[in-house]
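Me: Could you zoom in on one part of this one for me? Take your time and go through it piece by piece.

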Amino acid sequence: MRSLISILDLSVEELDELIATAKDIIARPEAYRESCRYKKLATLFFEPSTRTRLSFEAAMLELGGSVLGFSEASSSSAAKGESMADTAKIVSCYADIMAIRHPKDGAPYVAARNASVPVINAGDGQHNHPTQTLADLLTISREMGRLSNLTIGLCGDLKYGRTVHSLIEAMSRYEGVKFVLISPAELKLPGFVRYNVLEKLGIPYTEVTSLDDAMGQLDVLYMTRVQRERFDDPAVYERLKDSYILTKEKMELAKENMCVLHPLPRVNEISVAVDDDPRAAYFRQALNGKFMRMALILKLLKEAEENPRREKVEDGGWRHDLRCPNSRCICHTEQELPPAFRLTDREAGIWRCVYCEQVGVE
Ligand code: NCD
């Protein structure tokens, strides 16, 4: 049995296989209508969501299964102080698979280690969002006809934007991909993606502050919202919230076949006037998310049926004597969760928290 916590849990072959399944679902939806009959998906959403939760639910319903769950923490036992580990054990009694969104980095990882059914990370804090990446990959594949040899611009909140982190992790594994990271200095890409992925794999990337200057070289432009809920200081959010606004005028600087993605929700970073541009793919992207979630549910349920045992965690060589500096990591709130750090850079002696990937401190 397998869970999807990070997009790196899937190999490139598996990503390609999910894309192929999604395209087949699009071509022959009737062939899948009974695929998950009598199966139940639980959606545990401790943070607001429209697309992710509803597309998960629609995905399961279109596969002939049923859904149960909650859409805010206040209506779950978390409000009474129940731990993620206990919630995961309980939900395993009622559902065959679960999707979890949580404000704490690493919460779905803790759930997966305690659940006896597959767990899907539907967004954890400022960390990862692997199923949004699945939607993004299908969109790029359908819009551009390929996932290799692309220059991808990521614009906006690259620090707190979890969709950006997972997308870079996924696209870095395709041939000939380059990134242009467009953000204000305060919202640059964090180390766990920069060092663990881009630097480690030697992926070409540049960091710029001007969207206009970058525009002409991009094949894909991935716009993001400045993540208000992650800022400690509201004044900093106010200062940065309007850093980038994609307008019709700016679109004139772009290639004719560039495509614009956005995980949505949009606040004001894309002018509504851009929506009619054929290159604006963000509403098609939301639909693609449902097809990829269908493909993912099918894959994880099939694997769970073939092998119902939870994958063993390889924790040999972990350190437990460091402290995680990230106040939003699940390790600080979960009852009796041992701190755990794995060596991610032998030469530099960097140990990263297994839950949130921040560098541990003595
Ligand atoms: C994203 C998220 O939740 O991280 N939304 C989504 O799932 N489509 C992006 C965002 O909230 O800005």
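Reply: Let's start with a side-chain pair: N121 and D124 make a polar contact through their side chains, at 3.0 Å. A polar contact here is a pair of N or O atoms within 3.5 Å; within protein, one must be able to donate a hydrogen and the other to accept it, and residues adjacent in sequence count only if both atoms are side-chain atoms. Before going further, keep in mind that this is a predicted model, where local features need pLDDT of at least 70, side-chain atom pairs count only at pLDDT 80 or more, and totals for chains, interfaces and linings use all residues. Numbering runs from 1 along each chain as its sequence is written, and side-chain values use heavy atoms, with hydrogens and water left out.

Back to N121, which sits in strand β4, residues 119–124. Helices (H or I, at least four residues) and strands (E, at least two) are DSSP runs, numbered from the N terminus. A polar atom of the N121 side chain also lies 3.0 Å from the backbone oxygen of I5. N121 is buried, at 0% relative accessible area. For that word the cut-off is under 20% relative accessible area, with exposed meaning over 50% and partly exposed in between (1.4 Å probe, protein chains only). Leaving out residues up to four places away in sequence, N121 touches L4, I5, I100, P108, N128, P130 and T131. Contact means heavy atoms within 4.5 Å.

One of those partners, P108, belongs to the buried set of α4, along with A107, Y109, V110, A111 and A112. Helix α4 covers residues 107–114, and six of its eight residues are buried, so the helix is mostly covered. The cover over its buried residues includes α3, β3 (97–102), β4 and β10 (341–345).

P130 and T131 take us to the main piece, helix α5, residues 130–144. Its 15 residues reach 21 Å from the first C-alpha to the last, close to the 21 Å expected at 1.5 Å a residue; that expected span is 1.5 Å times one less than the number of residues. Of those 15 residues, 13 are buried, so α5 is largely enclosed by the rest of the structure. Just past the helix, G145 takes a positive phi of about 80 degrees.

What does α5 pack on? One partner is α11, at an angle of about 115 degrees and with the axes 8 Å apart. Axes are lines fitted to C-alpha atoms, for helices over the stretch in contact, and angles run from 0 to 180 degrees between N-to-C directions. The α5–α11 crossing is right-handed; a crossing gets that label if the near helix is turned clockwise from the far one by less than a right angle, and left-handed if anticlockwise. On the α5 side, the contact is made by T131, Q132, L134, A135, D136, L138, T139, R142 and E143, and on the α11 side by R284, Q285, N288, G289, F291, M292, R293 and L296. By class that gives six nonpolar, six polar and five charged residues, where Ala, Val, Leu, Ile, Met, Phe, Trp, Tyr, Cys and Pro count as nonpolar, Asp, Glu, Lys and Arg as charged, and the others, Gly among them, as polar.

Within that interface, D136 of α5 deserves a pause. D136 is buried, with 0% relative accessible area, and its side chain makes a polar contact with the side chain of Q285 at 2.8 Å. Besides Q285, D136 touches L167, Y222 and L261, again not counting residues up to four places away in sequence.

Helix α11 (residues 282–306) has another packing partner, α1 (residues 12–27): their axes come within 8 Å and cross at roughly 120 degrees. Here, too, the crossing is right-handed. The α1 residues in the contact are E14, E17, L18, I19, T21, A22, I25 and I26, while α11 supplies F291, M292, M294, A295, L296, L298, K299 and E303. That contact divides into 11 nonpolar, one polar and four charged residues.

Finally, look at the loop between β9 (259–261) and α11, where P265 sits. A cis peptide bond joins L264 and P265, with omega about 10 degrees. L264, found in the β9–α11 loop, has a positive phi near 65 degrees despite not being a glycine, and at 13% relative accessibility L264 counts as buried.
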